[in-house]
Amino acid sequence: MELKQIILNFRNFQSNEEIVSVIFAKRIDGKFQPASDAVSLEVEKEDWAIKITQIATTKYPDYEYFLEMDIAQYYYEDLLANEGYKSDDKKVGAIIHYAEFDA
């Protein structure tokens, strides 16, 4: 799935107290792009730091950590209220920028 699709489907994500959803993506020319291949992985909160790295390294060796889903969703909701981010492309670009430079 493309990173853009995952970002635009944040609204469908349901937060869970026991599970952490983490987005991993491939870089294109050294950067995350809307067309980057991406996956969302879910693990139990108590051991997500260990298992998520193992899963990503084993199943998705060329992917890198992008953002936790709940952080991305929170930021996305902020963008919805901002007049400067009406288009999907602007929202996607802002979240990618946030993940690379501010998270």
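**Charges and rings: a quick Q&A**

Trainee: Which residues form the negative surface patch here?
Mentor: Asp and Glu count as negative, Lys and Arg as positive, while His and the chain ends are not counted. A patch takes residues with over 30% relative accessible area and no salt bridge, joining like charges within 9 Å and nonpolar side chains (Val, Leu, Ile, Met, Phe, Trp, Tyr) within 5 Å. Each charge is placed at NZ of Lys, CZ of Arg, CG of Asp or CD of Glu, and areas come from the Shrake-Rupley method with a 1.4 Å probe, where for residues only the protein chains shown count as cover. The negative patch is made up of Glu17, Glu18, Glu44 and Glu46.

Trainee: Before we go on, what kind of model is this?
Mentor: Residues are numbered from 1 along each chain as its sequence is written, and side-chain values use heavy atoms, with hydrogens and water left out. Local features need pLDDT of at least 70 and side-chain atom pairs count only at pLDDT 80 or more, whereas totals for chains, interfaces and linings use all residues, and the model is predicted.

Trainee: Is Glu17 buried or exposed?
Mentor: Glu17 sits in the loop between helix 1 (3-8) and strand 1; helices (H or I, at least four residues) and strands (E, at least two) are DSSP runs numbered from the N terminus. Buried means under 20% relative accessible area, exposed over 50%, and partly exposed in between (1.4 Å probe, protein chains only). Glu17 has a relative accessible area of 67%, so it is exposed.

Trainee: What distance separates the C-alpha atoms of Glu17 and Glu44?
Mentor: Glu44 is in strand 2 (residues 38-44), and because its relative accessibility is 44%, Glu44 counts as partly exposed. Along the chain, Glu17 and Glu44 are 27 residues apart, and their C-alpha atoms are separated by 9.0 Å.

Trainee: On to salt bridges: which residue does Asp89 pair with?
Mentor: A salt bridge puts a side-chain nitrogen of Lys or Arg within 4 Å of a carboxyl oxygen of Asp or Glu, and the structure holds five of them. In this one the closest N and O atoms are 2.8 Å apart, and the partner of Asp89 is Lys4.

Trainee: How many residues apart in sequence are the parts that this Asp89 and Lys4 pair ties together?
Mentor: Asp89 counts as exposed because its relative accessibility is 54%, while Lys4, at 25%, counts as partly exposed. Since Asp89 lies in helix 4 (residues 88-102) and Lys4 in helix 1, the pair ties together parts whose separation in sequence is 85 residues.

Trainee: Which residues are linked with Arg27 in a network of salt bridges?
Mentor: Glu64 meets Arg27 with the closest N and O atoms 2.9 Å apart. Glu64 is in strand 3 and Arg27 in the loop between strand 1 and strand 2, so that pair ties together parts 37 residues apart in sequence. Glu100 also forms a salt bridge with Arg27 (2.5 Å, N to O), linking helix 4 to that loop across 73 residues. The network thus joins Arg27 with Glu64 and Glu100.

Trainee: Which value near zero or otherwise does phi of Asp29 take?
Mentor: Asp29 lies in the loop between strand 1 and strand 2, and its 76% relative accessibility is why Asp29 counts as exposed. Phi of Asp29 is positive, in a residue other than glycine, and is near 50°.

Trainee: What angle do the ring planes of Phe24 and Tyr65 make?
Mentor: Rings of Phe, Tyr and Trp (its six-membered ring) pair if their centres lie within 6.5 Å, with planes under 30 degrees apart counted as stacked, over 60 as edge-to-face and the rest as tilted. The structure holds four aromatic pairs. Phe24 and Tyr65 form an edge-to-face one, 6.2 Å centre to centre, with an angle between the planes of 85°.

Trainee: Which strands do Phe24 and Tyr65 lie in?
Mentor: At 7% relative accessibility Phe24 counts as buried, whereas Tyr65, at 38%, counts as partly exposed. The pair ties together parts 41 residues apart in sequence, because Phe24 and Tyr65 lie in strand 1 (residues 19-25) and strand 3 (residues 64-68).

Trainee: And what is the centre-to-centre distance for Tyr60 and Tyr63?
Mentor: Tyr60 counts as partly exposed at 24% relative accessibility, and Tyr63 as buried at 18%. Their rings pair edge-to-face, with 70° between the planes and a centre-to-centre distance of 5.2 Å.
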